[in-house]
Amino acid sequence: MIKKLLQLTLGAFLTSAGASHLDSNRQEFLAQVPTYLPLDPDFVVVSSGVVEIALGIALITTTFFLTQYRQLIGLLVGLFFILIFPGNINQYLNQIDAFGLDTDQKRLLRLFFQPPLVIWAIWCTGAGTYLRKAFKR
């Protein structure tokens with residue numbers, strides 16, 4: 001039951017964060033897009049927001065329905081957290097103020113929150129079991 005509750009919480013968090021990409025926090029997210037990406041920053045923010053919303057809804061849905069996809073969704077969410085990590089590194093290295101992270105110390109501390117998010121996604125969905133089985137083959 002705890003895993004399901006944590007999966008729902010993570011799903012709600014992702015859905016909310018994704019929606020804020022499209023409206024209230026768009027400027028904050030634009031500040032995190034690495035300048036070396038050969039893509040329009042607004043496209044990156046909007047598309048990552050849409051992906052976050054989709055992943056959040058998928059986490060919520062697979063908690064009770066379509067449970068055969070829980071582990072796959074957990075892996076995708078973990079991968080998503082890994083893929084967006086360069087934005088956090090960019091914010092730290094370039095001393096970009098966004099989301100109240102207005103000191104190097106706060107920006108550095110933020111970097112240490114990403115690995116627990118990856119672990120959270122994998123653990124609460126049972127994706128770790130899926131990975132262990134896949135690597136035994």
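Two helices count as roughly antiparallel when the angle between their axes is over 145 degrees. Keep that cut-off in mind for this tour of a predicted model.

**Stop 1: helices α3 and α4**

Start by selecting residues 41-64, which make up helix α3. Then add α4, which covers residues 70-93. How do these two helices run relative to each other, roughly parallel or roughly antiparallel? Their axes cross at roughly 150°, and an angle over 145 degrees counts as roughly antiparallel, so that is the word for α3 and α4. The two axes come within 10 Å of each other. Turn the view to look at the crossing itself: α3 passes α4 in a left-handed way.

Now show the side chains where the helices meet. On the α3 side, pick S48, V51, E52, L55, A58, L59 and T62. Their partners in α4 are R70, I73, L76, V77 and F80.

While you are here, click on L76 in α4. L76 counts as partly exposed, because its relative accessibility is 37%. For a sense of scale, draw a line from the C-alpha atom of L76 to that of L109: the line spans 24 Å, and the two residues are 33 apart along the chain.

Next, follow the chain into the loop between α3 and α4 and stop at L66. What is the sign of phi at L66? It is positive, about 50°, although L66 is not a glycine. L66 is partly exposed, with 48% relative accessibility.

**Stop 2: α4 with α5**

Keep α4 on screen and add α5, residues 104-111. The axes of α4 and α5 come within 9 Å and cross at roughly 160°, so this pair, too, is roughly antiparallel. The crossing of α4 past α5 is left-handed. Which residues make the contact? In α4, select F85, N88, I89, Q91 and Y92; in α5, select D104, R107, L108, R110 and L111.

**Stop 3: α4 with α6**

Hide α5 and bring in helix α6, residues 114-125. Here the axes of α4 and α6 lie 8 Å apart, and the packing angle is about 175°. The two helices are therefore roughly antiparallel. The α4 residues at this meeting place include G74, V77, G78, F81 and F85. Among those facing them from α6 are L117, V118, A121 and I122.

**Stop 4: the aromatic pairs**

Next, show the aromatic rings. How many aromatic pairs turn up in a search of the whole structure? There are two.

Zoom in on F29 and F99. Their ring centres are 4.8 Å apart and their planes stand at 65°, so the pair is edge-to-face. F29 sits in helix α2 (residues 26-30), while F99 belongs to the loop between α4 and α5, so the pair ties together parts that are 70 residues apart in sequence. Colour the two by exposure: F29 is buried at 15% relative accessible area, whereas F99 is partly exposed at 34%. F99 also has a positive phi, near 60°, in a residue other than glycine.

The other pair is F80 and F81, with 6.2 Å from centre to centre and 55° between the planes, which makes it tilted. Are these two residues buried or exposed? F80 is buried, with a relative accessible area of 9%, and F81 is buried as well, at 2%.

**Stop 5: two residues of α1**

Finish with helix α1, residues 2-22, and select H21. H21 counts as buried, at 4% relative accessibility. Its side chain is joined to that of S48 by a polar contact of 3.4 Å. Leaving aside residues up to four places away in sequence, H21 touches R26, F29, V45, S48, G49 and E52.

Then move along α1 to T15. T15 is partly exposed, at 22% relative accessibility. With the same residues up to four places away in sequence left out, T15 touches E52, I53, G56, I57 and I60. As a last step, draw a line between the C-alpha atoms of T15 and V45: they are 14 Å apart, with their positions 30 residues apart along the chain.

Definitions and conventions. Residues numbered from 1 in each chain as written. Predicted model: local features only at pLDDT ≥ 70, side-chain atom pairs only at ≥ 80, totals over all residues. Heavy atoms only, no water. Phe/Tyr/Trp six-rings, centres within 6.5 Å; stacked < 30°, edge-to-face > 60°. Helix = DSSP H or I, 4+ residues; strand = E, 2+ residues; numbered from the N terminus. Buried < 20%, exposed > 50% of the residue type's maximum accessible area, 1.4 Å probe, protein only. Polar contact = N/O pair within 3.5 Å; in protein donor to acceptor, adjacent residues only side chain to side chain. Contact = heavy atoms within 4.5 Å. Axes fitted to C-alpha atoms, helices over the stretch in contact; angles between N-to-C directions. Parallel < 35°, antiparallel > 145°, perpendicular 65-115°, else oblique. Left-handed = near helix turned anticlockwise from the far one by under 90°.
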